[in-house]
Structures are given as C-alpha cells and as structure tokens.
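Please open the model in your viewer and keep the sequence panel beside it, since each stop on this tour begins with a selection. The route goes from the domains to single residues and then to helices.

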Amino acid sequence: MARAKTRRAKQKTKLDPITLAVLHKRFDAVTTKMANTLLRTGRSGVLNLARDFSTSVVTRECELLTGAESLPIHHLSGADLMARSMMDLHPNLKRGDAYLHNSPYHGCSHPADHTILVPVIDKRGEHQFTVWVKAHQADCGCSQPTTYMGHARDVYEEGALIFPPTKVQENYEDNEDFINFCRMRIRVPEQWYGDYLAMIGAARIGEREVLAMGDEYGWETLHDFSKEWFDYSEKLMISAIRKLLTGEATTHSTHDPVPGTPEEGIPITVHVRIDNKKAAIEVDLRDNPDAMPCGLNLSEACARTGAMIGVFNSIDDIVPTNAGSFRRINVLIRDGSVAGGGKHPTSMSVATTNLADRVTSPVQRAFSKIQDGIGLAECGPIFPASMGVISGFDPRNNNEPFVNHLFLMVTGGAGAGKTDAWLTILHAGNAGMCFVDSIELDELHFPIYIKTRRLMPDTEGAGRTIGAPSGYCEYGPVGGGDLEVVYVSDGAINASKGTLGGLNGAACKNFLMRADGTLENLPACADIILKPGENVASYCTGGGGYGPPHERPVEKVREDVEEKWITRERAWKVYGVAVDDAGQVDMARTKRRRKRLGGG
C-alpha cells in the first residue's frame with residue numbers, strides 16, 4: 001500500500017514514456033491471461049481445439065482499450081456497443097456482478113457468441129473498467145443442431161436463446177434459474193456449463209488483475225494512460241493514412257444464393273474514400289439491399305468490424321486496434337440494410353462469417369484499386385462442409401449427445417500488395433487466429449473418421465502475389481451411428497476475386513459420398529444425415545491473386561513447382577515460366593512467353 005500511495009502522489013497528467021509502455025504491456029497481459037484461462041479450461045472443442053474466442057478490456061466510457069491476439073470479428077467494433085448496452089440496461093453496477101450478452105440487437109456479433117461482461121468496481125463502488133470474454137458456442141438452442149441457421153426466415157425460426165445483457169452472477173454467486181434454463185434448452189448442457197464456468201473464471205481473472213493495477217497505480221493514472229494510449233494510437237493511424245494516396249473506389253462482391261435470398265445471391269457494394277490530408281478513411285455500406293428473410297444479415301457490430309478489418313489489413317503500418325485508431329475510420333450503415341442495419345426480429349445467425357467477409361474483401365480490393373501495393377484480393381468465401389457443425393449421439397460413449405463445430409479444412413488467404421497469402425487464414429473475420437483441428441483429437445472426442453485432408457495443386461488465385469490453394473477433406477461417422485452435418489457454404493458460384501489482374505481462387509464444392517463411392521452434389525445451405533459408410537467430400541475455396549501472374553518473380557514460380565503447389569503446365573500457361581524436367585528455368589523461353597502474356 002505504501003508503494004501505491006507513493007505512485008499516486010507522484011501522478012502526473014502526462015505520463016512518461018516508460019510508464020506508458022509498462023501499462024500498455026500490463027493491460028495486454030490481462031487479456032492474455034484471460035485468453036489462456038479460457039483455452040485451458042473450456043470444455044468444448046470450439047474453445048480448446050479451435051480457439052474460437054476473444055478477450056478485451058473496455059474503459060468506463062465504453063471504448064475498446066485492448067484485446068488479446070484473437071478473432072477481430074469478435075471485438076473490433078462491438079466491444080463498445082456491448083459495454084454500453086450493459087450500462088444502459090443495468091445502471092446500478094456492483095462488484096461481483098457478471099452479465100451474459102449474446103444479442104446482436106444490443107451490440108453482440110451473433111447469438112452463438114456468448115459474452116461474459118464483468119464491470120470492474122473499485123472499493124468506493126465506482127465503475128472503472130469492464131472486462132469481457134466472448135466464446136463461440138457449439139450449440140445455443142437453435143431449432144437445428146447448429147449455431148449457423150442460414151435459412152432461418154427470422155429470429156423465431158432461428159430459435160436461438162438470445163440474452164440482452166442479463167445478470168448471471170451477483171456478489172460472485174450464480175443465478176441458478178439462468179443456469180437451469182440454459183441446461184434445458186441447449187443440446188449439450190454439460191459442455192455448455194463447462195464453457196460457462198471457463199468464461200466466468202477467465203473474466204474474474206481479468207477483474208482481479210485490473211483491480212490490482214488500480215491499487216498499484218491509482219485509477220486516475222490508469223484513465224490517464226487510456227487517454228494517452230488512444231491519442232498515441234490515433235497518431236500512428238494518422239501517420240499510416242498519410243502514406244496512402246488520396247482517392248476513392250467502389251467495389252462489389254456477391255454471396256451465393258441461399259434460401260430467402262434472390263436467385264442471383266446477395267450483392268454487396270462498398271465505397272471507400274481515403275483522404276490523406278485529413279488522415280481519414282470512410283467506408284460506405286449504405287448502397288446495399290434491405291435485410292432479407294435468411295440468417296446471413298449482418299449485425300451492426302459485424303458490419304462495422306468487417307469494414308474495419310479490411311482497412312487494417314490494407315495499411316502497411318502496425319497500428320493498435322483500439323478506440324484511438326478507430327477515430328480515423330468512419331463506417332456508414334443504412335438502417336434496415338442487410339449490411340448491418342437490420343432490427344429485431346431479423347435473423348443474424350451467420351453474421352460473423354459469410355456476409356461479413358463479403359464486406360471485408362471488397363474493402364481490401366478497393367484499397368488496391370486506389371493504390372497498387374496496398375490492400376488485398378478477396379479471401380476465400382467461408383463455411384464449406386469441412387467446417388460443418390456435427391451432432392448426434394456417440395455410440396462409443398453410452399449414446400451421449402455431442403455437438404461440435406469442425407475446423408477441418410479451410411485455407412482462404414488472399415494475395416496481398418507485397419506478400420503471398422496467409423495459407424490458413426480460415427476466413428477474413430478471424431484473421432488466422434482460430435486453430436485448424438487436429439485429426440487425431442477430433443477422432444478421439446467425436447464418432448467421426450477423417451479419411452483424408454490435403455491441399456489441391458493448381459487451385460491458388462494466381463498473381464504477382466498468390467492466393468491460398470483450395471483444400472480437400474473427406475469424413476464420415478464411425479461406431480454404427482448417424483452423423484448430422486449442418487453448414488452454410490459460400491463460393492461455389494462466386495469464388496474469391498483477384499485484383500489488379502490477379503486471377504480468382506478455386507471455387508467451393510461439397511458432395512455427399514454414398515457407401516458405393518458415388519458422389520451427389522450438395523446445396524449451399526444444408527442439413528444432412530450421414531449413414532454409416534457415407535462421407536462428406538468437401539473442397540474449400542482458394543484465395544484471390546494480386547497483380548498479373550506473369551509479373552510473379554521467376555524464382556518464386558520455380559519454387560512453387562518444386563514444392564508442388566503448382567504443376568509445370570500451370571507455371572507455363574498462367575505464369576509464363578518454363579520449368580524443365582530437372583526443375584530448372586529456361587530463361588529464354590520464359591522471356592518470350594512472358595512478353596506475349598504481357599501484351600508485348
């Protein structure tokens with residue numbers, strides 16, 4: 001206590017750089033401790049295998065201060081909305097309170113993302129910060145055994161349990177009525193309860209750590225830090241924007257049709273403006289269709305976040321993602337729009353993935369059109385059957401029910417202005433932060449057999465920098481029981497677009513493989529029952545390429561052939577590089593071929 005009093009006595013309005021750096025790392029450590037707790041104590045495979053969760057600290061003014069290195073679609077723009085809705089609905093916050101929040105109508109991403117918010121209350125009873133933990137659920141009470149109800153006409157058909165900020169703990173004690181209610185409506189009650197305890201534990205660790213920092217430094221010092229950190233982050237964002245060219249571009253992307261959408265699918269239009277003198281970026285999403293009777297509509301949080309991910313992916317500088325840097329980004333949304341303007345009872349079941357990526361990707365492409373060398377091509381559209389939600393009764397375990405979201409095979413990375421794709425980005429919204437499933441652990445925990453998982457050659461989005469190749473996965477039930485698989489796939493019709501002359505990535509394909517080996521095409525949005533001997537055969541999308549393929553460095557093309565990413569035939573036909581049987585480049589033939597490909 002003596003040390004704390006001394007530090008408070010020496011407190012200055014302007015913090016010195018060392019204290020600023022130390023507090024930055026201390027707050028980062030808080031979110032990391034919460035994330036590590038959740039990873040190691042979560043009961044579902046979604047958490048302890050795929051790492052589909054996020055943790056953050058929010059100021060008393062409801063501004064995002066910092067978040068763990070986790071899924072950006074979870075928290076970039078929704079943290080402020082969730083904290084604000086907690087304070088609006090519960091103005092009398094007390095120490096020991098905890099709130100569950102998963103309502104997309106009150107700032108959450110989508111109903112599957114259960115979020116525990118804990119207000120950090122000091123000894124005087126004053127609210128100082130909010131810590132929160134968001135964890136994707138394998139089951140949240142939907143009418144089908146999935147958290148992605150693509151065909152749901154509205155929230156009533158979706159059927160998910162939706163909680164605006166709801167008090168689940170008071171004075172550190174659980175509300176047992178809430179626990180019992182969820183147990184009766186969620187298909188895997190023990191799994192859900194284990195994840196709930198992991199979330200509560202992680203959030204309480206965050207609360208404990210922030211309280212300790214308040215005792216050590218004094219609350220006003222921590223708030224002074226928050227203001228200075230935001231100002232510093234804004235300065236970095238200003239510097240990054242002023243390196244860009246002033247300009248604007250309009251780009252388009254289209255999600256494949258699903259039940260409830262037009263036959264041509266869902267068109268998304270994005271208009272991006274960069275003003276390097278004012279150091280401002282505007283993303284306009286207002287020119288988009290009205291909300292549709294399906295589950296793909298974007299929540300406000302996911303629409304804003306999808307646009308912001310595209311911005312942060314496209315700038316060169318490493319800029320902290322917090323309320324300070326956000327001051328320089330303005331995202332415009334039209335009320336009632338499919339792109340973030342929907343209201344209750346519009347279903348937003350699939351808001352974090354499919355259509356959110358169809359916002360992020362054209363933002364990235366718009367940057368490339370304003371200035372070559374920045375931005376990205378389109379990332380691979382998401383959610384093939386290799387990412388299906390599986391469910392059933394495990395014959396190996398007394399027919400106990402199970403539900404799990406698979407992350408077996410998704411690649412999806414896009415070619416960028418200066419680098420090749422991140423192979424396993426999975427999709428733009430999670431930025432590669434989810435783990436790809438371990439085959440062995442999936443087979444240990446669930447009654448499935450994964451026959452094969454591999455990358456497919458010649459499926460990358462060709463370009464000066466290349467998109468990720470497609471991947472193939474095949475799996476089915478074991479143990480004599482059925483296996484239910486639910487998915488909402490995009491990219492079979494509208495594959496990922498290249499940019500500035502880059503080629504599109506490979507399309508998605510999903511098949512039902514009968515016991516005799518025959519293949520049947522599966523629709524984009526499906527709930528199928530696999531019988532013993534049957535399998536799903538799924539090809540995920542590849543990512544788009546950036547720039548003309550004949551401008552790709554010759555040595556990189558040779559290496560791609562050597563590593564079997566592409567064949568010699570593709571190297572010649574698409575990239576204009578002649579690679580002989582010994583793996584060597586014939587430069588004379590290559591120069592002639594590339595001259596023809598370039599129009600020379």
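What follows is a walk through a predicted model, one selection at a time.

**The domains**

Begin by colouring the protein chain according to its domain assignment, which gives domain 1 (2–230), domain 2 (376–547) and domain 3 (553–597). Keep domain 1 and domain 2 on display; their C-alpha centres lie 30 Å apart, and 23 residues of domain 1 are in contact with 24 residues of domain 2. Between them the two domains bury about 1900 Å², with 70% of that area on carbon and sulfur atoms. Within this interface, select Leu-49, Pro-145 and Tyr-148, which supply 31% of the area that domain 1 buries against domain 2, more than any other three residues.

Which kinds of polar pairing cross from domain 1 to domain 2? The count of salt bridges between domain 1 and domain 2 is zero, whereas four residue pairs are found in polar contact across the interface, both residues being at pLDDT 80 or more. On the side of domain 1 that touches domain 2, the elements giving two or more residues are helix H3 (45–48) and helix H4 (72–75).

**His-136 and Ser-349**

Next select His-136, which is found in strand E5 (residues 127–136). Is this residue, His-136, buried or exposed? His-136 counts as buried because its relative accessibility is 1%, below the 20% cut-off. Its side chain is joined to that of Thr-147 by a polar contact of 3.1 Å. Showing the surroundings of His-136 beyond four places in sequence brings up contacts that include Val-46, Asp-52, His-110, Tyr-148 and His-405.

From Thr-147, move to Ser-349, in the loop between strand E11 (329–332) and helix H12 (354–370). A polar atom of the Ser-349 side chain lies 3.2 Å from the backbone oxygen of Thr-147, and Ser-349 is buried, with a relative accessible area of 0%. Among the residues in contact with Ser-349, leaving aside neighbours within four places in sequence, are His-110, Thr-147, Tyr-148, Glu-158 and Gly-295; His-110, Thr-147 and Tyr-148 also appear among the contacts of His-136.

**Helix H5**

Now select helix H5 (residues 79–89), whose buried residues are Ala-79, Met-82, Ala-83, Ser-85, Met-86 and Met-87. These buried residues pack against strand E1 (53–59), strand E2 (64–67), H4, strand E3 (98–101), strand E4 (113–121) and E5.

**Helix H14 and the end of the chain**

Finish at helix H14 (residues 554–562), where Val-554, Val-557, Arg-558, Asp-560 and Val-561 are buried. Why do these residues lie on the same side of H14? They cover an arc of only 160° around the axis, which puts them on the same side of the helix. An α-helix has 3.6 residues a turn, so residues three or four places apart point the same way. The partners of the buried residues of H14 are helix H15 (568–573) and helix H16 (587–597). Just after H14, select Lys-564, which takes a positive phi of about 70°.

The last selection is Gly-576, in the loop between H15 and H16, which counts as buried at 0% relative accessibility. Leaving aside neighbours within four places in sequence, Gly-576 is in contact with Ala-571, Thr-590, Arg-593, Arg-594 and Leu-597. Its C-alpha atom is separated by 8.1 Å from that of Pro-549, 27 residues apart along the chain.

Terms used
Residues numbered from 1 in each chain as written. Heavy atoms only, no water. Buried < 20%, exposed > 50% of the residue type's maximum accessible area, 1.4 Å probe, protein only. Helix = DSSP H or I, 4+ residues; strand = E, 2+ residues; numbered from the N terminus. Arc of directions from axis to C-beta. Contact = heavy atoms within 4.5 Å. Polar contact = N/O pair within 3.5 Å; in protein donor to acceptor, adjacent residues only side chain to side chain. Domains from an automatic or database assignment. Buried area = accessible area lost by both parts, 1.4 Å probe. Salt bridge = Lys/Arg side-chain N within 4 Å of Asp/Glu carboxyl O.
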